[in-house]
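Here's a quick tour of one model, going sheet by sheet and then into a pocket and a ring pair. Have the viewer open as you read.

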Amino acid sequence: MKPYTCALLLLMAMQSAASAQQIPRQSLEDSLIGWTKVHRFAAPRAPITVDGKRYSSAQLGIADSLANWMQASYTPRGALGQIIPMVSPKPGLYDKNDAALPQTYGAVAHTYMELKHDKNRKLVLYSSAHLTWSIRAHHVFGEPVQVLNTPTQHYFLMPGAVQSAVEKAQSKRYDLSGHPAVKRFITYFNDQLRSSTANATFVVLSRDNKSPFVQITKAEYLDKLAGAVERKHAAERDEAIKGWPEGNARANALRAADDRYSTRVGLLASNRERYAGRLQEAAEVFSIQPDELLENYKDVFEGSGGPGGERYPVYKVDPEMAELAKTDQPQWITVWWDGDLLDPVGKQQHDAILNNFDFQYVYDFFFAPEKVKGRPYKPLRSPEFREPVVVKAASETSRKSASDASVHLFEDFSTTAVGRSPNGWTVGRTSGTVANLDGLPGNWVVMAGDARLAPTQMRPLPQNFTLTYELVAMQHFTWGAKGLTLQLASEKSPGHAESFLQLKLRPGYDGREGEAVIETRFPAGYLSGTKWLTAPGFSNDKQNNRITVSVKKTGETLEVSLDGNKIARFETAIPSGLLFNAMSFFVPGSASDEKDRFYISQIRISKE
């Protein structure tokens with residue numbers, strides 16, 4: 001049975017396992033879970049033919065070697081990995097134009113993040129949600145120009161030349177131009193959020209860094225667009241014949257199709273005339289997905305907006321390299337992976353690829369083999385490597401709190417170096433690093449995007465306690481953006497709260513008061529539901545919009561204060577004997593919300 005067939009059967013078996021609850025991702029984040037199976041592909045495989053493309057034993061051997069090297073370099077943490085050697089699949093009904101792509105072969109790794117236990121307590125897939133890492137010979141990326149593409153020719157765009165503020169922030173975070181592992185190769189990060197390949201990083205290995213992709217001319221674009229106009233006309237006439245009975249209705253539909261065709265042919269001719277002296281210039285289009293409906297815009301390259309708008313160069317595979325791709329010698333190798341660096345699994349995969357995988361060996365193996373002759377592949381670093389924990393000296397306040405019997409927990413993040421994840425805390429999907437703030441002393445944890453912060457080890461809170469923390473919102477924090485929530489929970493199992501208290505805070509604007517929301521779920525007769533309150537003194541007009549938050553439980557009473565001012569008191573709120581055994585701070589959202597940052601520090605829980 002072929003390896004990719006085995007992988008498919010394994011995946012189907014996993015998904016058909018007995019239904020169970022998803023394991024909370026946070027509880028798996030630090031677990032070295034690994035692969036469904038560690039392969040050692042070695043035996044030669046017989047040639048195969050897929051959709052008229054023949055894959056030799058040598059090409060299939062390259063695919064197997066790439067799979068071996070990937071597994072040697074990366075062990076999924078907090079997720080379950082699966083490796084699949086592959087060749088170009090046979091195009092289906094909706095991707096038949098992919099037949100024009102060069103034949104590809106290599107390996108793809110899927111890292112599944114949502115897991116559950118089967119009836120034997122084995123980790124299996126809860127869903128098919130996954131990250132991807134792929135290494136393939138002759139893989140073409142970019143955004144397909146569907147209007148031009150046919151089963152014999154493939155065109156595509158490379159988005160990213162024009163960026164929004166969010167996209168610029170993404171680019172900076174993923175910029176590999178100076179990374180020692182890949183700076184000598186062609187790299188590309190697709191930060192165009194409207195693209196189907198958004199948030200993916202690409203590294204191209206090719207002899208002498210010659211790009212396998214070439215820009216087409218305006219002349220070629222107009223020629224191919226003319227073919228698209230013809231195909232659209234034939235399709236519209238076919239629709240008219242199939243969609244209407246004989247008689248006037250069909251005649252009118254056919255006439256309308258012919259009229260649109262005449263208009264488009266005329267517009268195409270005017271575009272040829274307009275660019276008659278510039279036909280050898282590189283073609284750039286105004287839309288990430290142009291079409292043949294020329295009546296909707298006056299210029300096929302500039303649209304209706306005129307010069308100065310967004311422009312996307314149009315590419316095709318270098319014809320010479322495409323022809324050589326049929327031989328046993330790869331012409332280029334594309335390494336690509338996706339994943340959000342604010343997600344622990346995505347960051348672990350990203351770091352493993354850049355720090356463990358030996359890009360230079362792969363380049364030399366295919367394009368300078370004399371440099372690695374007789375030397376087997378070996379990762380630059382063990383895939384089980386962990387960054388050493390750097391512990392700084394605790395602050396005087398932290399040392400005093402540690403010896404104070406009335407202090408249940410204190411954290412000012414003083415033992416963590418700036419730029420590192422906080423020692424003793426899990427950070428979930430957050431930038432999660434310790435930072436200094438201009439104008440404020442001490443260390444602060446950045447809470448941005450889809451952020452979560454929780455103690456790695458958590459003792460149940462005292463029956464009566466006061467919890468305080470310092471919270472800062474950045475200047476010009478967007479009014480109405482997501483707030484930061486404190487959650488205290490009584491959990492029967494990790495991630496499954498039977499009772500909870502949530503306090504969400506977000507700043508106002510221009511000096512106006514902010515918002516506080518208290519949400520609770522406790523047994524009948526106690527406080528449950530949602531309460532909306534004001535947060536006086538918490539706005540977005542200062543350099544550091546800082547407040548001290550206090551949550552106090554005494555018997556059944558709950559009090560909430562901001563900067564010493566009581567904003568809520570509930571007499572019969574929480575059962576006196578209930579113990580909270582979980583605490584977290586979180587900001588729901590996405591990477592695009594990163595500009596709206598909170599900072600948190602001075603977390604203290606005192607016994608009452």
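Helices and strands here are DSSP runs, numbered from the N terminus: H or I over at least four residues for a helix, E over at least two for a strand. The model is predicted, so to speak of local features takes a pLDDT of at least 70 and side-chain atom pairs count only at pLDDT 80 or more, while totals for chains, interfaces and linings use all residues. Numbering starts from 1 along each chain as its sequence is written, and side-chain values use heavy atoms, with hydrogens and water left out.

**Two sheets**

Two strands pair if DSSP finds at least two bridges between them. One open sheet has six strands, ordered β3-β4-β7-β15-β11-β10, with antiparallel pairing. Its edges are β3 (80-87) and β10 (186-190), each pairing on one side only. On average, neighbouring strands in this sheet are turned by 15° against each other, direction ignored. (Axes are lines fitted to C-alpha atoms, for helices over the stretch in contact, and angles run from 0 to 180 degrees between N-to-C directions.)

The other open sheet is antiparallel too, with seven strands in the order β17-β20-β29-β22-β23-β24-β25. Here β17 (425-426) and β25 (529-535) are the edge strands.

Two strand pairs, one from each sheet:

| Strand | Partner | Bridges | Example pair |
|---|---|---|---|
| β11 (200-206) | β15 (332-338) | seven | Ser 206 and Trp 332 |
| β23 (496-506) | β24 (514-521) | seven | Lys 504 and Val 517 |

**Helices and a ring pair**

Contact means heavy atoms within 4.5 Å. Helix α3 (57-73) packs on the six-stranded sheet, touching β3, β4 and β7, and its direction makes about 30° with that of β4. Helix α9 (359-367) lies across β11 and β15, at about 35° to β11.

Rings of Phe, Tyr and Trp (its six-membered ring) pair if their centres lie within 6.5 Å; planes under 30 degrees apart are stacked, over 60 edge-to-face, and the rest tilted. The whole structure has 32 aromatic pairs. In one of them, Trp 69 and Tyr 361 have ring centres 5.5 Å apart and planes at 90°, so the pair is edge-to-face. Trp 69 sits in α3 and Tyr 361 in α9, 292 residues apart.

**The second largest pocket**

Which element gives the most to the lining of the second largest pocket? α5 does, with four residues. β11, α5 (218-243) and β15 each supply at least two. A pocket, on a 1 Å grid over the protein atoms alone, is an open set of points where a 1.4 Å probe fits, with protein on both sides within 12 Å along at least five of seven lines; lining residues have an atom within 4 Å of a point.
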